[in-house]
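Biologist: Could you walk me through one part of this model up close, namely the place where the ligand sits? I'd like the atom-level contacts before anything else.

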Amino acid sequence: MKTLVIVAHPNLEQSKVNKTWMNRLQQEENVTVHNLYAHYQTFTIDVEKEQQLLLEHDRIVLQFPFYWYSSPALLKEWQDVVLTYGFAYGSKGNKLHGKEVILAISSGGPAEAYRAGGYNHYSMSELTRPFQATANLCGMHFLPSFLLQGMMSLTEDRLEESTEELAAYVTNPNLREGR
Ligand SMILES: Cc1cc2nc3c(=O)[nH]c(=O)nc-3n(C[C@H](O)[C@H](O)[C@H](O)COP(=O)(O)O)c2cc1C
C-alpha cells in the first residue's frame, strides 16, 4: 500500500496543524508527502508529473485547512487540470479506478458548529460532497475524512494526539469494509 499525501496550504510557515501533520507524515515509510504550494506558487501545474504520482500510489490523502467551506484554491486548480478526461473519467478514463481517497482537514470552527442548528448549519459530510462526488466519478473509494476542528480551543496535547491518529489512519492497510 503506497500512500500519497497532497498537502495544500498556502502559508505553511504560519500553519500550526497542517505543518505538524505534514512533518509527521514525512517520517512514514511508504508515504510520499507532496507539498502542492511549494511546487506551484504560480499555479502552473505539471499535469504529467501529477498524474504519474497518482499512478504510483494506491491511497491519495488530500490534506488542507478548510477555507471558505472548501479547500484552498490550488487544490481546486489541481483537480481541474489533473483529473482529465481519458485519465480520470470518461469511457477510457480508468486510471484511478480502485484507488482510495481520504480528506484530512483542519477547520477553525469547532465540530459542533458543523451541524444543523450550529452556526455553520451544514455538516462536514455535506460540505465535502463535491470531493466525494469527484472520487465517485473517478471510480475511487472515498473513505471517512479525518478532521481536527476548533482552533480556538486546540491544545498542544490534542494536536499531538491528532497527529498520531492521522499517521495511524492513513497508513492502516485495511480501511475498507470486507478487506
Ligand atoms: C482564507 C481563510 C478561510 C477560512 N475559512 C474557514 C472556513 O470556511 N471554516 C472554518 O472552520 N475555518 C476557516 N478558516 C480557518 C482555517 O481553517 C484554520 O485557520 C486552519 O484550519 C488552521 O490550520 P493551520 O494551523 O494548518 O493553518 C479559514 C482561514 C482562512 C485564512
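How many Å lie between an oxygen atom of the ligand and a polar backbone atom of Val 17?

Modeller: Sure, with the reminder up front that this is a predicted model. For Val 17, one of its polar backbone atoms is 2.9 Å from an oxygen atom of the ligand. Step back to Lys 16 and you find another such pair, with a polar backbone atom 2.7 Å from a ligand oxygen. Gly 109 does something similar, placing a backbone N or O atom 2.8 Å from an oxygen of the ligand. As for cover, on its own the ligand has 650 Å² of accessible area, and the protein hides 71% of that.

Now the shell as a whole. There are 16 residues around the ligand, and the ones that come nearest are Ser 15, Lys 16, Phe 66, Ser 106 and Tyr 114. Sorted by class, the shell has 8 nonpolar residues, 7 polar ones and 1 charged one. Two elements each give at least two residues to it: helix α1, spanning 17-25, and strand β4, spanning 100-107.

Those two elements also touch each other through side chains. Asn 18 belongs to α1, and its side chain makes a polar contact of 3.0 Å with that of Ser 106, which is itself one of the residues nearest the ligand. Asn 18 has a relative accessible area of 2%, so it counts as buried, the cut-off being under 20%.

β4 deserves a closer look. All 8 of its 8 residues are buried. In a regular strand, side chains alternate between the two faces of the sheet. Here both faces of β4 are covered: Glu 100, Ile 102, Ala 104 and Ser 106 are buried on one side, and Val 101, Leu 103, Ile 105 and Ser 107 on the other. Take Ser 107, a β4 residue: its relative accessibility is 2%, and therefore it counts as buried. Measure from its C-alpha to that of Met 124 and you get 9.9 Å, with the two positions 17 residues apart in sequence numbering.

What does β4 pair with? β3 runs parallel to it, joined over 7 bridges, and one of the bridge partners is easy to pick out: Phe 64 goes with Ile 105 in β4. Strand β3 covers residues 59-65 and includes Arg 59. That arginine is buried, because its relative accessibility is 0%. Its side chain has a polar contact of 2.7 Å with the side chain of Glu 100, a residue on one of the covered faces of β4.

There's another parallel pair to keep in view. β1 (residues 3-7) and β2 are joined by 5 bridges, with Val 7 bridged to Asn 35 in β2. β2 itself spans 31-35 and has 4 of its 5 residues buried, so the rest of the structure largely encloses it.

Finally, some context from the record. An unreviewed UniProt entry annotates residues 1-168 as "domain: Flavodoxin-like fold". In the model, that stretch is 35% helix and 18% strand, and its end C-alpha atoms are 13 Å apart.

Terms used:
Residues are numbered from 1 along each chain as its sequence is written. This is a predicted model: local features need pLDDT of at least 70, side-chain atom pairs count only at pLDDT 80 or more; totals for chains, interfaces and linings use all residues. Side-chain values use heavy atoms; hydrogens and water are left out. A residue is near a molecule or strand if one of its heavy atoms lies within 4 Å of it. A polar contact is a pair of N or O atoms within 3.5 Å; within protein, one must be able to donate a hydrogen and the other to accept it, and residues adjacent in sequence count only if both atoms are side-chain atoms. Accessible areas come from the Shrake-Rupley method with a 1.4 Å probe; for residues, only the protein chains shown count as cover. Ala, Val, Leu, Ile, Met, Phe, Trp, Tyr, Cys and Pro count as nonpolar, Asp, Glu, Lys and Arg as charged, and the others, Gly among them, as polar. Buried means under 20% relative accessible area, exposed over 50%, partly exposed in between (1.4 Å probe, protein chains only). UniProt positions are given in the numbering used here, feature names are shortened, and annotations may be inferred rather than shown by experiment. Two strands pair if DSSP finds at least two bridges between them.
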